[in-house]
Amino acid sequence: MSDLEQLYQAIILDASRERYGEGSLDSPDGESFQVNPTCGDQVTMQVELSDDGTRISHIAWDGHGCSISQASISIMTQMLEGKSLGEADELFHEFRTMMDGRGAEISDDTADLLEDASAFQGVSKFPARIKCALLGWMAWREATDNALENKEN
């Protein structure tokens, strides 16, 4: 295992133990429950948007699963809180593209943008684990869509 792969493994293990953002919100604008039926990983994601609906004020989640899913959720939550919806969508798209790359090298710019989430590049080599890494991102996307819909009504 290369030094970089060892570093990425350490980032994932640390983030899975840290569980940044774990908990619940008093009055979320949107919520999503996602489960990976292949392995049983699951998450309930809650999102609170700014009053004008353009920024992510808070994200909270509760769930269980493998270290990959839990680390991805923790890192994602840390990355997205406080971001505009445009910035968050860009991060979602870049992470999804990296996962769809099946282990292909990512540019330095993408690695800089994704910060610690770039550690999941190696995970993308394993099709069965891609769903684990994407679980929280898909829950965030649906919770945010629900929040926007709720704000419109």
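Reader: How far apart do the end C-alpha atoms of residues 8–132 lie, and how much of the span is helix and strand?

Author: Happy to start there. In this predicted model, the end C-alpha atoms of that span lie 16 Å apart. Helix makes up 43% of residues 8–132 and strand 18%.

Reader: Which UniProt annotation covers residues 8–132?

Author: An unreviewed UniProt entry gives "domain: NIF system FeS cluster assembly NifU N-terminal" for residues 8–132. Such an annotation may be inferred rather than shown by experiment.

Reader: Now the backbone. Which residue in the loop between α3 (85–100) and α4 has a positive phi?

Author: The general idea comes first: most residues other than glycine have a negative phi. Here, Arg102 has a positive phi of about 50° and is not a glycine. Arg102 sits in the loop between α3 (85–100) and α4. Glu115, also not a glycine, has a positive phi of about 50°, and its place is in the loop between α4 and α5.

Reader: And the charges: which residues gather in a patch of negative charge on the surface?

Author: For reading such a patch, Asp and Glu count as negative. The patch here brings together Asp108, Asp109, Asp112, Glu115 and Asp116. Asp116 belongs to the loop between α4 (108–114) and α5 (127–152).

Reader: Are Glu115 and Asp116 exposed or partly exposed?

Author: The cut-off helps here: exposed means over 50% relative accessible area, and partly exposed runs from there down to 20%. Glu115 is exposed because its relative accessible area is 52%. Asp116 has a relative accessible area of 42%, so Asp116 is partly exposed.

Definitions and conventions
Residues numbered from 1 in each chain as written. Predicted model: local features only at pLDDT ≥ 70, side-chain atom pairs only at ≥ 80, totals over all residues. Heavy atoms only, no water. Patch = residues over 30% accessible without salt bridge, like charges linked within 9 Å, V, L, I, M, F, W, Y side chains within 5 Å. Areas by Shrake-Rupley, 256 points an atom, 1.4 Å probe, with all protein chains shown as cover. Salt bridge = Lys/Arg side-chain N within 4 Å of Asp/Glu carboxyl O. Charge placed at Lys NZ, Arg CZ, Asp CG, Glu CD. Helix = DSSP H or I, 4+ residues; strand = E, 2+ residues; numbered from the N terminus. Buried < 20%, exposed > 50% of the residue type's maximum accessible area, 1.4 Å probe, protein only.
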